[in-house]
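Here is a set of questions and answers about the structure below, written for someone seeing it for the first time.

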Amino acid sequence: MELTRRKFLGGAAIAAAGAVVGRRVRRAGGAPAPLKIGLLLPYSNVYAVLGESITDGLSLVFEREGWSVAGRRVELIKEDDEVNPQIGLRKVKKLIESDGVDFLVGPVSSGVLAAIRDTVHQARRILIVANAGNDEISRDRCSRYIFRASFSNWQPNSPMGGWVAAHVAKEAYLVAPKYAAGFDMMRAFKETFGAAGGTVVGEDYTPFPVNEDFAPFLTKIKQAAPKVVYAFFSGSQAVRFVRQYDEFGLRGRSRLCGAGFLTETDVLPAEGSAALGIITGHFYSTLLENRTNQAFLREFRDKYKRTPDGFAVQGYDTAQVIVHALTATGGDTRDRDRLVDALRSVEFDSPRGRFRFDPKTQNVIQPFIYVREVREVGGELANVVIDRIANVKDPGTGCTLPG
Ligand code: PHB
């Protein structure tokens with residue numbers, strides 16, 4: 001009967017009716033309504049592997065919970081946003097209006113998050129961002145209904161500006177994909193690099209999401225012969241960039257540094273020896289020795305037969321956020337204010353350290369940003385921690401006002 005009603009109702013009416021249907025399902029007795037979690041992630045295109053890692057990390061937690069949280073059966077509804085803002089927007093509307101999800105999880109791309117932010121906010125649906133780092137979401141486009149369990153683009157890059165200027169060189173060429181994440185990350189680096197006496201000698205933004213050939217940019221970099229190249233690339237673009245950088249003979253001439261995604265474990269095996277010596281900033285390394293990380297590595301390797309990456313940690317932490325908040329509300333997701341309060345108070349041990357949201361931004365406080373160098377460890381490439389910066393909070397000050 002519910003299905004017939006849902007089919008009969010059109011477009012926007014479904015959103016309002018969904019809440020009523022939800023209440024009825026619960027009041028009618030029997031099993032509580034399932035906990036529906038809509039995953040809006042890329043399962044194709046440049047960031048496909050990131051989407052898979054996040055999903056795998058998240059599933060590990062729910063599996064441990066027996067796919068049930070606070071008495072509600074967990075149901076995942078996966079949608080591929082294809083790293084495309086318009087497709088992301090269409091899919092998020094489908095997840096909210098026709099699936100009636102309790103939580104949204106995702107996306108990976110800052111472009112997709114920018115496109116869906118207003119729809120999520122207006123629908124008052126809880127979104128736990130599991131990757132996309134747009135700084136604006138912790139600043140002038142923050143929302144009471146949006147939490148970020150991953151990072152803001154500022155977080156891994158701002159500490160690196162000062163660090164590179166102090167420890168590597170004071171002359172850098174910047175390169176990143178031409179979209180919000182690339183701009184945010186380079187801006188954050190430039191601010192602290194400049195303040196520490198660094199000079200930017202060149203800056204390029206490359207086609208996104210599709211770019212096979214970095215040759216025109218690498219040619220310019222070779223001519224400029226900077227001491228440092230600071231880059232952000234991720235997924236399949238990171239593999240191409242790092243390999244082509246090596247093929248161009250730039251490794252050994254200009255020290256490659258960047259945001260951690262450039263050499264994360266998802267791309268490191270494919271980059272191979274071309275990645276040796278790259279220095280990056282990130283909130284995680286598989287080599288962290290804390291107990292939670294050791295258990296996470298064991299669980300993940302047992303189940304998936306591969307080494308996890310920072311994206312899997314983001315999925316794992318996102319699921320833990322949901323479990324902790326829902327346990328605190330006794331499984332209730334209807335009282336949004338209560339749920340938001342529960343989410344704001346969540347705290348637990350993550351593989352990256354103690355996990356807490358900053359109440360000002362609802363963005364995770366990074367216990368550390370690790371400065372890592374790619375080296376060979378026990379016959380495998382790994383991001384070896386060579387320094388760390390503690391307690392890195394996005395500088396956003398918004399999100400104190402309700403609504
Ligand atoms: C982003 O678009 O915000 C983004 C994508 C991939 C990353 C990091 C940030 O690895």
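Q: What makes the pair formed by the side chain of Y179 and an oxygen atom of the ligand a polar contact?
A: In this predicted model, an N or O atom in the side chain of Y179 is 2.5 Å from an oxygen atom of the ligand. A polar contact requires N or O atoms within 3.5 Å, so this pair qualifies.

Q: Why does the side chain of S234 also count as making a polar contact with the ligand?
A: The distance between an N or O atom of that side chain and a ligand oxygen atom is 2.7 Å. The limit is 3.5 Å, so S234 makes a polar contact.

Q: Which part of G133 lies 2.9 Å from an oxygen atom of the ligand?
A: A backbone N or O atom of G133 does. Of the accessible area the ligand has on its own, 280 Å², the protein covers 100%.

Q: What surrounds the ligand?
A: There are 17 residues around the ligand, and S110, G133, Y179, S234 and F261 are the closest. By class, this shell has 11 nonpolar residues, six polar and no charged. The largest cavity is the space that the ligand takes.

Q: Why is G133 counted as polar?
A: Gly is listed among the polar residues, so G133 falls in that class.

Q: Which element supplies the largest share of the lining of the second largest pocket?
A: Strand β16 (380-392) does, with four residues. The lining has 14 residues, and T286, T307, E380, L381 and A382 lie nearest the centre of the pocket. Two of the lining residues are charged, seven are nonpolar and five are polar.

Note on methods
Residues numbered from 1 in each chain as written. Predicted model: local features only at pLDDT ≥ 70, side-chain atom pairs only at ≥ 80, totals over all residues. Heavy atoms only, no water. Near = heavy atom within 4 Å. Polar contact = N/O pair within 3.5 Å; in protein donor to acceptor, adjacent residues only side chain to side chain. Areas by Shrake-Rupley, 256 points an atom, 1.4 Å probe, with all protein chains shown as cover. 1 Å grid on protein atoms, 1.4 Å probe; cavity = no way out; pocket = protein on both sides within 12 Å on 5 of 7 lines; lining within 4 Å. Sits in = over half its atoms within 2 Å of the grid points. Helix = DSSP H or I, 4+ residues; strand = E, 2+ residues; numbered from the N terminus.
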